[in-house]
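Let's take a walk through this fold together, starting in the sheet and working outwards. Keep the viewer open as you read.

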Amino acid sequence: MAFILDSSNSINDEDFYDEKEIVKKLVMDLDISPDKNRAALVLFGTSPSLEARFGQYETFHKFQDVLEKLPKMGRRTRIDRALNFAENQIFPGSRQDVHKMAIILTDGVQSTGAQGLRRSSKPLRDAGVRVIAVGIGAGKRERRLRLLTDRDEDVVDIKDIQGRLQEILDDLRQNGCSEYQ
């Protein structure tokens, strides 16, 4: 599972804190270890930053330490660059025969000049990565978030994440990273 966190100016400090808390809750139940589930972490504003590769951190606690220390980047919102980065820098390092998922936490609003969201997410989706868009912030745009995903149910509002959290985790356990297809 890869987590892609928006830390641009359109996300305030409280929303950024909420993003990190959501990731913590998801990762806590993943049972991270080199031979089971692995998590990656990308932070983005104008440019993406790799904070954790798949398998880099062997336990939840080590991953959590990295997450806690993440600084807010600010600046412009380039979701397109973050998705391209995940496609080219994160998922090529994943195991081949496992379920792949990218959870992007964002308001769905990109800066002027960015590539469209549908087009930006298509290479990941075509590669078999399930993209889940979690809407965060006062200015979130659900219709734009839907452009990132294959299904309506893969767009989750931050207010509904607690209810959907268990559903996502159950899906991971059923089809998850530790289960070879």
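## The sheet and its surroundings

In this predicted model, strands S1 and S4 run parallel and are joined by 4 bridges. One of the facing pairs puts Ala-2 opposite Ala-102 of S4. Helix H2 (residues 60-68) packs on the sheet, where it touches S1, S2 and S3. The direction of H2 makes about 5° with that of S2.

For the wider setting, the protein chain has 6 helices and 6 strands. Following the sequence, you meet them in the pattern β-α-β-β-α-α-β-α-β-α-β-α. Of the 181 residues in the chain, 53% are buried. Among contacts with a separation of 6 or more, 77% link residues 24 or more positions apart. The accessible surface comes to about 8,600 Å², and carbon and sulfur atoms supply 43% of that.

### Strand order and pairing

The 6 strands form an open sheet in the order S3-S2-S1-S4-S5-S6, with mixed pairing. S3 and strand S6 (155-157) stand at the edges with a single partner strand each, so one side of each has no neighbour in the sheet. On average, neighbouring strands of this sheet are turned by 20° against each other, direction ignored.

Three of the pairings are set side by side here.

| Strand pair | Sense | Bridges | Facing residues |
|---|---|---|---|
| S2 and S3 | antiparallel | 4 bridges | Leu-41 and Ala-52 |
| S1 and S4 | parallel | 4 bridges | Ala-2 and Ala-102 |
| S4 and S5 | parallel | 7 bridges | Ile-104 and Ala-133 |

The antiparallel pair consists of S2 (residues 40-44) and S3 (residues 48-52). A hairpin of 3 residues leads from S2 to S3.

Strand S5 (residues 129-135) deserves a pause. How many of its residues are buried? The count is 7 of the 7, so S5 is largely enclosed by the rest of the structure. Cover is found on both faces: Val-129, Val-131, Ala-133 and Gly-135 are buried on one side, and Arg-130, Ile-132 and Val-134 on the other. Notice that Arg-130 is among these buried residues.

### Helix H3 against sheet and helix

Helix H3 lies across S1, S2, S3 and S4 and runs at about 45° to S3. Within H3 (residues 79-90), the buried positions are Ile-79, Asp-80, Ala-82, Leu-83, Phe-85, Ala-86 and Ile-90. An α-helix has 3.6 residues a turn, so residues three or four places apart point the same way. The cover over the buried residues of H3 includes strand S1 (2-6), S2, S3, strand S4 (100-106) and helix H4 (117-126).

How do H3 and H4 sit against each other, and at what angle do they pack? The angle is about 10°, and the axes are 9 Å apart. Angles under 35 degrees count as roughly parallel, and H3 is therefore roughly parallel to H4. On the H3 side, the contact is made by Ile-79, Asp-80, Leu-83, Ala-86 and Glu-87. H4 brings Leu-117, Ser-120, Ser-121, Pro-123 and Leu-124 to the contact. By character, the residues of this contact divide into 6 nonpolar, 2 polar and 2 charged. Asp-80 and Leu-83 of H3 take part in this contact and are also listed as buried.

### Two buried loop residues

Ser-8 is found in the loop between S1 and helix H1 (13-28). Is Ser-8 buried or exposed? Its relative accessibility is 0%, and it therefore counts as buried, the cut-off for that being under 20%. Leaving aside neighbours within four places in sequence, Ser-8 is in contact with Phe-44, Gly-45, Lys-72, Gly-74, Arg-75, Arg-76 and Thr-77. Arg-76 is 68 residues away from Ser-8 in sequence, yet their C-alpha atoms are 5.6 Å apart in space.

Ile-32 sits in another loop, between H1 and S2. With a relative accessible area of 7%, Ile-32 is buried. Beyond neighbours within four places in sequence, its contacts are Val-27, Asn-37, Ala-39, Tyr-57, Glu-58, Thr-59, Phe-60 and Phe-63. Tyr-57 lies 25 residues from Ile-32 in sequence, with 8.1 Å between their C-alpha atoms.

Methods: Residues numbered from 1 in each chain as written. Predicted model: local features only at pLDDT ≥ 70, side-chain atom pairs only at ≥ 80, totals over all residues. Heavy atoms only, no water. Buried < 20%, exposed > 50% of the residue type's maximum accessible area, 1.4 Å probe, protein only. Contact = heavy atoms within 4.5 Å. Areas by Shrake-Rupley, 256 points an atom, 1.4 Å probe, with all protein chains shown as cover. Pairing = 2+ DSSP bridges. Axes fitted to C-alpha atoms, helices over the stretch in contact; angles between N-to-C directions. Parallel < 35°, antiparallel > 145°, perpendicular 65-115°, else oblique. Nonpolar A, V, L, I, M, F, W, Y, C, P; charged D, E, K, R; others polar.
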